[in-house]
Amino acid sequence: MAGKTANWPPLEPWRVGIRGRCPRCGRGHLFSGFLKLASGCEVCGLSYDFADPADGPAFFVVCFFCVPSVFFAVWAEVAFQPSIWFHIFVSIPIILLTCIPPLRPLKGWLVASQFYYKAEEGKLVGTDE
């Protein structure tokens with residue numbers, strides 16, 4: 001293990017995040033399952049306790065991928081009134097392919113961005129009276 005005192009060059013979050021790599025060293029794995037974060041990097045020892053992307057990946061996937069693919073299915077139904085087979089073999093696969101695969105790269109990107117920008121939970125600063 002390289003240790004925590006080593007100087008690590010800053011890595012661009014989108015490069016390491018979408019590949020599911022450690023945001024510090026770029027070599028270790030970020031995930032232990034499809035969307036489950038690993039406890040830490042097996043290469044540099046970085047703990048992923050700081051990471052909390054919450055619903056961010058799901059929000060972005062719904063807004064930018066799911067809505068357009070569902071819009072396509074509705075548009076095809078209204079414009080052409082195709083048989084149910086069109087939706088079974090075209091619409092449903094398009095919806096599934098645009099909604100599930102982007103979740104992991106987006107989650108990785110958000111976690112890597114949290115590390116890169118040292119994002120923390122917001123805190124209110126008290127005023128002295």
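This is a short talk that walks through one predicted protein model, from its overall layout down to single residues.

Okay, hi everyone. Before anything else, please keep in mind that what you see above is a predicted model. Let's begin with the big picture. The protein chain has 4 helices and 0 strands, so if you read along the sequence, the pattern you get is α-α-α-α. How much of the chain is buried? Buried residues account for 32% of the 129 residues.

Now let's look at how two of those helices sit together. In general, a pair of packed helices is described by the angle between their axes and by the distance between those axes. Here I'd like you to find helix H2, residues 56-80, and helix H4, residues 103-116. Their axes come within 9 Å and cross at roughly 130 degrees. What do we call that arrangement? Well, angles over 145 would count as roughly antiparallel, and 65 to 115 as roughly perpendicular, with the rest as oblique. H2 and H4 are therefore oblique to each other. And as for the handedness, H2 passes H4 in a right-handed crossing.

While we're on H4, have a look at Leu-110, which lies in that helix. Leu-110 counts as partly exposed, at 24% relative accessibility. Which residue should you compare it with? Try Pro-13: the two are 97 residues apart along the chain, yet their C-alpha atoms are separated by 7.8 Å. So that's one contact you wouldn't guess from reading the sequence alone.Next up, the surface. There's a nonpolar patch made of Phe-34, Ile-84, Trp-85, Ile-88, Phe-89, Ile-92, Leu-96 and Ile-100. Together these residues have about 840 Å² of accessible area. Let's pick out two members. Trp-85 lies in helix H3, which covers residues 84-99. Is Trp-85 buried or exposed? With a relative accessible area of 53%, Trp-85 is exposed, because the cut-off for exposed is over 50%.

The other member I want to show you is Ile-100. You'll find Ile-100 in the loop between H3 and H4. At 43% relative accessibility, Ile-100 counts as partly exposed. Ile-100 also has a partner to look at, Val-62: the two are 38 residues apart in sequence and 9.9 Å apart in space, C-alpha to C-alpha.

Moving on to charges. How many salt bridges does a search of the whole structure find? The answer is 1. Arg-15 forms a salt bridge with Glu-12, and the closest N and O atoms are 3.0 Å apart. Both ends are partly exposed: Arg-15 has a relative accessible area of 47%, and Glu-12 has 38%.

Now for the loop between H1 and H2. Leu-37 has its place there. Leu-37 is buried, since its relative accessible area is 19% and buried means under 20%. Leu-37 and Asp-52 are 15 residues apart in sequence, and their C-alpha atoms are 9.7 Å apart in space.

Ala-54 sits in that loop too, between helix H1 (13-17) and H2. What's the backbone doing at Ala-54? Ala-54 has a positive phi of about 50 degrees, although it is not a glycine. Ala-54 counts as exposed, at 57% relative accessibility.

There's another residue with a positive phi, and that's Lys-118. Its phi is about 55 degrees, and again Lys-118 is not a glycine. To find Lys-118, go to the segment after H4. With 66% relative accessibility, Lys-118 counts as exposed.

To recap for anyone who came in late: we have 4 helices, H2 and H4 crossing at roughly 130 degrees, a nonpolar patch on the surface, and a salt bridge between Arg-15 and Glu-12. Thanks, everyone.

Methods. Residues numbered from 1 in each chain as written. Predicted model: local features only at pLDDT ≥ 70, side-chain atom pairs only at ≥ 80, totals over all residues. Heavy atoms only, no water. Patch = residues over 30% accessible without salt bridge, like charges linked within 9 Å, V, L, I, M, F, W, Y side chains within 5 Å. Areas by Shrake-Rupley, 256 points an atom, 1.4 Å probe, with all protein chains shown as cover. Salt bridge = Lys/Arg side-chain N within 4 Å of Asp/Glu carboxyl O. Helix = DSSP H or I, 4+ residues; strand = E, 2+ residues; numbered from the N terminus. Buried < 20%, exposed > 50% of the residue type's maximum accessible area, 1.4 Å probe, protein only. Axes fitted to C-alpha atoms, helices over the stretch in contact; angles between N-to-C directions. Parallel < 35°, antiparallel > 145°, perpendicular 65-115°, else oblique. Left-handed = near helix turned anticlockwise from the far one by under 90°.
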